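Trainee: Could you walk me through this structure and show me how each label is earned?
Mentor: Sure, let's take the terms one by one and hold the values up against them.

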Amino acid sequence: MGALAAGIAAGLAAIGAGVGNGLVISHTIDGMARQPEMSGTLRGTMFIGVGLIEALPILSIVIAFLVMNK
C-alpha cells in the first residue's frame, strides 16, 4: 500500500509541477510580448518562480520515500 501511495504522490507532484511551470512560462512570455523593456526583470522573476515550483516534486519524492519505508 505504501508503494501505491508513493507512486500516486510522485505522479501528482510531477503533473502539478508541469502545469505550474507551463503557466508561469506562458504568462512570462505574454508579459515580455506586451512590455519588451521589462523582459530582464520578468525573466529573473520567472526563474525564481520555476525554482520554487520545482521544489514541490522534490519534496513529494522525499515524502513518498518516507511513506514507502514505513
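Mentor: Accessible areas come from the Shrake-Rupley method with a 1.4 Å probe, and for residues only the protein chains shown count as cover. By that method the chain has an accessible surface of about 4,900 Å², with 76% of it belonging to carbon and sulfur atoms. Mind that this is a predicted model: local features need pLDDT of at least 70, side-chain atom pairs count only at pLDDT 80 or more, and totals for chains, interfaces and linings use all residues. Residues are numbered from 1 along each chain as its sequence is written, and side-chain values use heavy atoms, with hydrogens and water left out.

Trainee: How do you know how many helices and strands the chain has?
Mentor: Helices (H or I, at least four residues) and strands (E, at least two) are DSSP runs, numbered from the N terminus. On that basis the chain has two helices and zero strands.

Trainee: What makes α1 roughly parallel or roughly antiparallel to α2?
Mentor: Axes are lines fitted to C-alpha atoms, for helices over the stretch in contact, and angles run from 0 to 180 degrees between N-to-C directions. Helix α1 (residues 2-34) and helix α2 (residues 39-69) pack at about 175°, their axes 8 Å apart. Angles under 35 degrees count as roughly parallel, over 145 as roughly antiparallel, 65 to 115 as roughly perpendicular and the rest as oblique, so α1 is roughly antiparallel to α2.

Trainee: How does the radius of gyration of the chain stand against a compact globule?
Mentor: The radius is taken over C-alpha atoms, and the globule rule is 2.2 Å times the number of residues to the power 0.38. For 70 residues that gives near 11 Å, but the chain has 16 Å. The C-alpha trace spans about 55 × 15 × 5 Å along its principal axes.

Trainee: Why does Asn-21 count as buried or exposed?
Mentor: Buried means under 20% relative accessible area, exposed over 50%, partly exposed in between (1.4 Å probe, protein chains only). Asn-21, in helix α1, has 12%, so Asn-21 is buried. Contact means heavy atoms within 4.5 Å; leaving aside neighbours within four places in sequence, Asn-21 is in contact with Val-50, Ile-53 and Glu-54. Over the whole chain, buried residues make up 19% of the 70 residues.

Trainee: And what is Lys-70 called, buried or exposed?
Mentor: Lys-70 sits in the segment after α2. Its relative accessible area is 87%, so Lys-70 is exposed.

Trainee: Which label goes to Ala-5, and which to Gln-35?
Mentor: Ala-5, in helix α1, has 37%, so Ala-5 is partly exposed. Gln-35 lies in the loop between α1 and α2, and at 42% Gln-35 is partly exposed. As for distances, the C-alpha atoms of Ala-5 and Ala-64 are 7.2 Å apart, with their positions 59 residues apart along the chain.
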